[in-house]
Amino acid sequence: MDRKQIVVITGGAGDIAQAIKVELTDEYEVLSPGKEELDVTDIESSEKYFSNHIPDILVNNAGYVLPMSIGESDIYSEKKAIDINLFGVFNCTAAALKRNRKAKIVNIGSSAATKVHGTWSSYCASKAGVVMATKCWADDGVDAVCISPGRTATKMRRGLFPEEDQCTLLTPEKFAKVVCMAIHGRYRSGEHINVTKDNIEEILR
């Protein structure tokens, strides 16, 4: 019997990661490490993890945002956001490709990569960096795509906007189906796909 391909999803405790795991579990061996097992910002942690778990597919999903004005910011929090959202993607991708040059990379971006949010500068800038890194890696011969969710019903978002009408948001479960499509080769390497509640049904058709 052929072995199942291994999928590693970073930020594994989050709602999006868990929805992706559910979508893929029947077909793949899915690993969804949390920070305690894989700290995406730590080089030694990523080297250790990917030495023991060599992925066929890496989903860079870990993310962090703490909105604040740059003029009043806690610079350590801004560094944390950039480290998790951007350096973490580089760190895990490099560690994975070192061990499997043919690994497919699926980067979870954000609609914030192409939209202006005054107090989200570290998040927007780091996610824009993920989009451009994806395109550069594709140009370098890596099989990489970026899938960016718009406003999504996650614990992280509920913490930021507790009064928001959940009916207006994309669900993690439907977003996970697009990630699955990307894994199955629906999109060309280097593509950036924006996914929102408004376009999800068209994408899934």
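Which strands does helix α4 lie across, and at what angle does helix α4 run to β5? In this predicted model, helix α4, formed by residues 121-139, lies across β4, β5 and β6. The direction of helix α4 is at about 155° to that of β5.

The strands crossed by α4 belong to an open sheet of six strands. The order within the sheet is β2-β1-β3-β4-β5-β6, and the pairing is parallel. The edges are formed by β2 (29-31) and β6 (192-195), each of which pairs on one side only. From one strand to the next, the twist averages 15°. Within this arrangement, β4 comprises residues 104-108 and β5 comprises residues 144-149; the two pair in the parallel sense over four bridges. In this region of the sheet, N107 stands opposite C146 in β5.

Helix α4 also packs against another helix, α3 (residues 75-99). The axes of α3 and α4 are 8 Å apart and meet at an angle of about 15°. Since angles under 35 degrees count as roughly parallel, α3 and α4 are therefore roughly parallel to each other. The passage of α3 over α4 is a right-handed crossing. On the α3 side, the residues in contact are E78, A81, I82, N85, L86, V89, F90 and T93. These meet S121, S122, Y123, S126, K127, G129, V130, A133 and W137 in α4.

A second helix pair is formed by α1 (residues 15-24) and α6 (residues 172-183), which pack at an angle of about 55° with their axes 8 Å apart. That angle makes α1 oblique to α6. The contact involves D15, I16, A19, I20, E23 and L24 of α1. From α6, the contributing residues are P172, E173, F175, A176, K177, V179, C180 and I183. As α1 passes α6, the crossing is right-handed.

The cysteines were examined for disulfides, and the structure holds zero. C124 is in no disulfide, the nearest cysteine sulfur being that of C146, 14 Å away. C124 is buried, with a relative accessible area of 10%. For C180, a residue of the α1 and α6 contact, the closest cysteine sulfur is also in C146, at 17 Å. A disulfide requires sulfur atoms within 2.5 Å, so the sulfur of C180 is too far from that of C146 for a bond. C180 likewise counts as buried, because its relative accessibility is 10%, and the cut-off for buried is under 20%.

Definitions and conventions:
Residues numbered from 1 in each chain as written. Predicted model: local features only at pLDDT ≥ 70, side-chain atom pairs only at ≥ 80, totals over all residues. Heavy atoms only, no water. Pairing = 2+ DSSP bridges. Axes fitted to C-alpha atoms, helices over the stretch in contact; angles between N-to-C directions. Contact = heavy atoms within 4.5 Å. Buried < 20%, exposed > 50% of the residue type's maximum accessible area, 1.4 Å probe, protein only. Parallel < 35°, antiparallel > 145°, perpendicular 65-115°, else oblique. Left-handed = near helix turned anticlockwise from the far one by under 90°.
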